[in-house]
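This report looks at how two protein chains meet and at a few local features within each of them. Please keep the structure in view while reading.

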Amino acid sequence: MSVPTTTTEPMASVTPLLTRITGDEKHAPSAHSTLDVLWVLYDRVLATTPATAEDPDRDRFLLSKGHGPAAFYAVLAAKGFIPPEWLDDLAGPDSRLGHHPDRLLVPGVEIGSGSLGHGLGLGVGTALGLRAQGLTNPRVYVLIGDAELDEGANHEAVAYAGAIGLDSVTAIVVDNASATHGWPGGIAGRFTVAGWTAVTVDGRDHEEIFAGLTGHRPGRPHAVVARIGGA
Amino acid sequence: MRDTFVGTSTALLAEDPRTALVLADISAADFAPAARRHPDRVLNVGIREQLMIGVAGGLALTGLRPIVHSYATFLVDRAYEQIKLDLDHQGVGAVLVSVGASYDAARSGRTHQSPGDVALFDTLGRWTVRVPGHPSEVAPLLRSAVAQDGSVYLRLSSQSNTAGHPGADRLRVLRRGTPGAPLVVAVGPVLDATLTAVAALDVTVAYTHTPRPFDTAGLRELAGREVVLVEPYLAGTSARVVADALADRPHRLLGLGVTEVDLHRYGDPADHARWHGLDAAGLCRSITAFLVPGAG
């Protein structure tokens, strides 16, 4: 069960934090494509705060698409998980923030990622582990990219989670049309055919994103395809 | 060994609510009773080995202790990057239990064989590797693995010695040569063939079921000028460990094990042992040639 949190900062507070992060130009479109989804997640959806970042009952957010984590770091800073000063040194020898995040270095980061196609399997395992311990409140959100969906490991996780009706998992696919061969017929269908519910939203529209992220139903895992136009 | 593994794992699932089992169809029928009793902790993901390790990583992130099981080639070779990233890089551990060691699945051919699994764990560094040589060694090794938090690889084989040595996590001397005699170290199920092979030679024979961490202190205590390693997986896998441990001493080292050649042959495990020179006659030839130059 997700608990909407009180909005204390407008998203505009993230922008100056984002501009403090330099040195990752290569993945800039990737990073910025996730900003709105991440903001809505951390501002209104996820039941997790710096104070509860180790609480077994917290919601989990797994950034599977580890490329371009600037927006992720900026949102974590805006929400108090990490000091804003960390943003000034991206991937330096003493930096905790690399071009791909490391859960052992960054508070609030649930998984180290970067190699594509690992997050959804870890998310499914996390959801199963919580369920086995009677922790029925937390949801597990996994963010992947449309190009990341090329990796076969995702499809192992999609098929299995659908087959067992793992309804505490939400996959978020940020679709900026970067997959080399595209997804003819759409991305949502890849999930629904496996037994998930799925909704496609405008990845810049916060109300649509919020509705998508809270639109899960009992008995089935849920996918939110967030389309980013013109990226 | 697989039967012991199934029985012990089933007991552990009942004893410790922290234990979970992840399968990819292999041995699923054997675990059906456990799955009925613990449906939330016995998880068969289907034939999906990348997911199997990913799920184990996720379970461990929530504080559970996953046991993960399949054929070595699917569990380790196929899912190598998941082991590296979904377990090691996340800072969590698991107990990986394989069957089909090296050429156990001789009749199935190369696709079901994995002589390189232990070498792969050496690229990761922090794994404890257990290679039991007898079914009686399996249960205590599995129990100790599940009771800790680290990463443990338990390599089960259909090959077995006639007697077990359950406590041999350090080098255990089973035959002592004269002072300064060459040391022959046998790991896991190659012990019997090794003892037969060196029956006529003046050597010390030590056994262990735990090649990682290797008992380097025991090695330094026992080793003279010549050391022979007999391992049931890729030849020379422990050569670097032994060479490092003896770096300050002049010594000669022979590493015997499964060769890296894809034989493209079937037959049974005894045939493969012979073809790889791991039967008693082959070991005798190699060890004699090494210890007595010119004798062969």
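A polar contact is taken here as a pair of N or O atoms within 3.5 Å, where, within protein, one atom must be able to donate a hydrogen and the other to accept it, and where residues adjacent in sequence count only if both atoms are side-chain atoms. By that rule, and with both residues at pLDDT 80 or more, 10 residue pairs are in polar contact across the interface of chain B and chain A. The model is a predicted one.

**The interface**

On the side of chain B that touches chain A, strand 2 (42–44), helix 3 and helix 5 (80–89) of chain B each supply at least two residues. Helix 3 of chain B gives the largest share of that side, nine residues. By character, the residues on the side of chain B that touches chain A divide into eight nonpolar, 10 polar and six charged.

In terms of contact, 24 residues of chain B meet 24 residues of chain A, and the two chains bury about 2100 Å² between them, with 57% of this area on carbon and sulfur atoms. Of the area that chain B buries against chain A, 26% is supplied by B:Leu51, B:Thr62 and B:Gln90, more than by any other three residues.

How do helix 6 of chain A and helix 3 of chain B pack, and at what angle? Helix 6 (residues 152–163) of chain A packs with helix 3 (residues 49–61) of chain B at an angle of about 75°, the axes being 8 Å apart. Because angles from 65 to 115 degrees count as roughly perpendicular, helix 6 of chain A is described as roughly perpendicular to helix 3 of chain B. In this contact A:Ala153, A:Glu156, A:Ala157 and A:Tyr160 of helix 6 of chain A meet B:Glu49, B:Gln50 and B:Leu51 of helix 3 of chain B, and the residues involved divide into four nonpolar, one polar and two charged.

**Salt bridges**

Side chains of opposite charge can pair when their charged atoms come close. Over all chains the structure holds 17 salt bridges, while the count between chain B and chain A is one. Three salt bridges, including one between the chains, are set out below.

| Pair | Closest N to O distance |
|---|---|
| B:Asp40 and A:Arg131 | 3.5 Å |
| A:Arg44 and A:Glu207 | 3.0 Å |
| B:Asp122 and B:Arg212 | 2.7 Å |

A:Arg44 lies in helix 3 (residues 35–45) of chain A and A:Glu207 in helix 8 (residues 206–213) of chain A, so this salt bridge ties together parts that are 163 residues apart in sequence. The pair in chain B likewise links distant parts of its chain, with B:Asp122 in helix 6 (residues 117–122) and B:Arg212 in the loop between strand 9 (204–208) and helix 9 (216–222), 90 residues apart.

**Backbone features**

B:Arg212 also takes part in a cis peptide bond, which runs from B:Arg212 to B:Pro213 with omega near -5°; B:Pro213 is found in the loop between strand 9 and helix 9 of chain B. In chain A, A:Ala91 has a phi near 65°, a positive value in a residue other than glycine, and A:Ala91 lies in the loop between helix 4 (70–78) and helix 5 (119–132) of chain A.

Terms used. Residues numbered from 1 in each chain as written. Chains lettered and ligands numbered in written order. Predicted model: local features only at pLDDT ≥ 70, side-chain atom pairs only at ≥ 80, totals over all residues. Heavy atoms only, no water. Axes fitted to C-alpha atoms, helices over the stretch in contact; angles between N-to-C directions. Helix = DSSP H or I, 4+ residues; strand = E, 2+ residues; numbered from the N terminus. Parallel < 35°, antiparallel > 145°, perpendicular 65-115°, else oblique. Contact = heavy atoms within 4.5 Å. Nonpolar A, V, L, I, M, F, W, Y, C, P; charged D, E, K, R; others polar. Buried area = accessible area lost by both parts, 1.4 Å probe. Salt bridge = Lys/Arg side-chain N within 4 Å of Asp/Glu carboxyl O.
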